[in-house]
Amino acid sequence: IVIVNKPAGISTHSPDIGKLGMAELVQRDLASRGISKKVHVVHRLDKTTTGVLVFATSEMAAAKIFELFKNHEVKKKYHFITASKVDFEEAEVFSQIEKINNSYVSKECAREEANSHTVFKKIKLNAQFQLWQAEPTSGKPHQIRLHAKDLGIPILGDSVYGGATYPHLCL
C-alpha cells in the first residue's frame with residue numbers, strides 16, 4: 001500500500017484527460033523512484049478535502065482494502081472548522097443521500113431508511129470558530145459536508161453547502 005496526505009485542489013484520480021489526480025501523481029512518483037507498480041484507488045476524498053488517502057499496489061491488496069472500507073472496518077475521523085455557533089456538544093445525523101441532477105442532497109428520513117450516518121463531536125471553540133470531529137460510519141459522496149449543513153454547522157469555506165466564506169474548505 002501507499003499512504004499519502006492529499007492536499008486540497010487535487011482529485012483522487014484523473015478528473016479529465018490531461019489532468020492528473022492524486023493516483024496518477026503517486027504512480028508517477030513511484031516510477032521516478034524506479035518502482036513500476038500500478039496504484040489502485042480503494043477510497044476517495046473530495047477534491048476540496050485534505051487528508052489521508054490509501055492506495056493499493058496490487059489487485060489483491062486493493063480487493064482486501066476495498067472490503068475493509070465497504071464493511072466499515074476502517075474508522076475514519078475528520079476535523080473541520082465552522083463559523084456557526086451551536087450549543088450542543090454532540091450529534092448524529094441519519095439521512096438518505098442522493099444525487100439529483102448534478103447535485104448531492106441529504107433528505108431527512110427514519111434511521112432504518114438512512115443510507116448515511118455521521119457522528120459529530122465538538123472539540124474546541126473560540127470567539128469566531130468551532131472545531132468539530134466528524135466520524136462517518138457510511139461513505140456517501142459529500143456526506144460530512146451535507147450532514148454538517150443539516151446540523152447548522154456548515155464547514156468554513158464550503159460555498160456549495162452554506163459555509164462562511166474562506167479561501168479553501170476547512171475539512
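## The second largest pocket

Let's start with a list of residues: the second largest pocket is lined by His-43, Leu-45, Thr-50, Gly-51, Val-52, Val-54, Phe-69, Val-74, Lys-76, Lys-77, Tyr-78 and Leu-171. Please keep in mind that the model is predicted. The volume of this second largest pocket comes to about 220 Å³.

By class, its lining holds seven nonpolar, three polar and two charged residues. Which element gives the most to this lining? That is strand 3, which contributes three residues.

## Strand 3 and its partners

Strand 3 covers residues 51–56 and is mostly covered, with five of its six residues buried. Two other strands pair with strand 3, and each deserves a look.

Strand 1, made of residues 2–6, runs antiparallel to strand 3 and is joined to it by five bridges. In this pairing, Lys-6 is the residue that stands opposite Gly-51 of strand 3. Gly-51 also appears among the residues lining the second largest pocket.

Strand 2, residues 40–41, is likewise antiparallel to strand 3, and two bridges join them. Here His-40 stands opposite Ala-56 in strand 3.

## The largest pocket

Now for the largest pocket, where about 810 Å³ of space lies. How many residues line it? There are 29, and those nearest the centre of the largest pocket are Arg-44, Leu-45, Gly-139, Lys-140 and Pro-141. Leu-45 is a name to notice, as the lining of the second largest pocket includes Leu-45 too.

Among the contributors to the lining of the largest pocket are helix 2 (59–70) and helix 3, each supplying at least two residues. Sorted by class, the lining of the largest pocket consists of twelve nonpolar, ten polar and seven charged residues.

## Ser-159, beyond helix 3

Our last stop is Ser-159, found in the segment that follows helix 3 (143–151). Is Ser-159 buried or exposed? Ser-159 counts as exposed because its relative accessibility is 67%, and the cut-off for exposed is over 50%.

To place Ser-159 relative to strand 3, take Leu-53 as a reference point: the two residues are 106 apart along the chain, and 24 Å separates their C-alpha atoms. Leu-53 falls within strand 3, which spans residues 51–56.

Definitions and conventions. Residues numbered from 1 in each chain as written. Predicted model: local features only at pLDDT ≥ 70, side-chain atom pairs only at ≥ 80, totals over all residues. Heavy atoms only, no water. Helix = DSSP H or I, 4+ residues; strand = E, 2+ residues; numbered from the N terminus. Buried < 20%, exposed > 50% of the residue type's maximum accessible area, 1.4 Å probe, protein only. Pairing = 2+ DSSP bridges. 1 Å grid on protein atoms, 1.4 Å probe; cavity = no way out; pocket = protein on both sides within 12 Å on 5 of 7 lines; lining within 4 Å. Points joined across faces, edges and corners; volume = space filled by probe spheres on them. Nonpolar A, V, L, I, M, F, W, Y, C, P; charged D, E, K, R; others polar.
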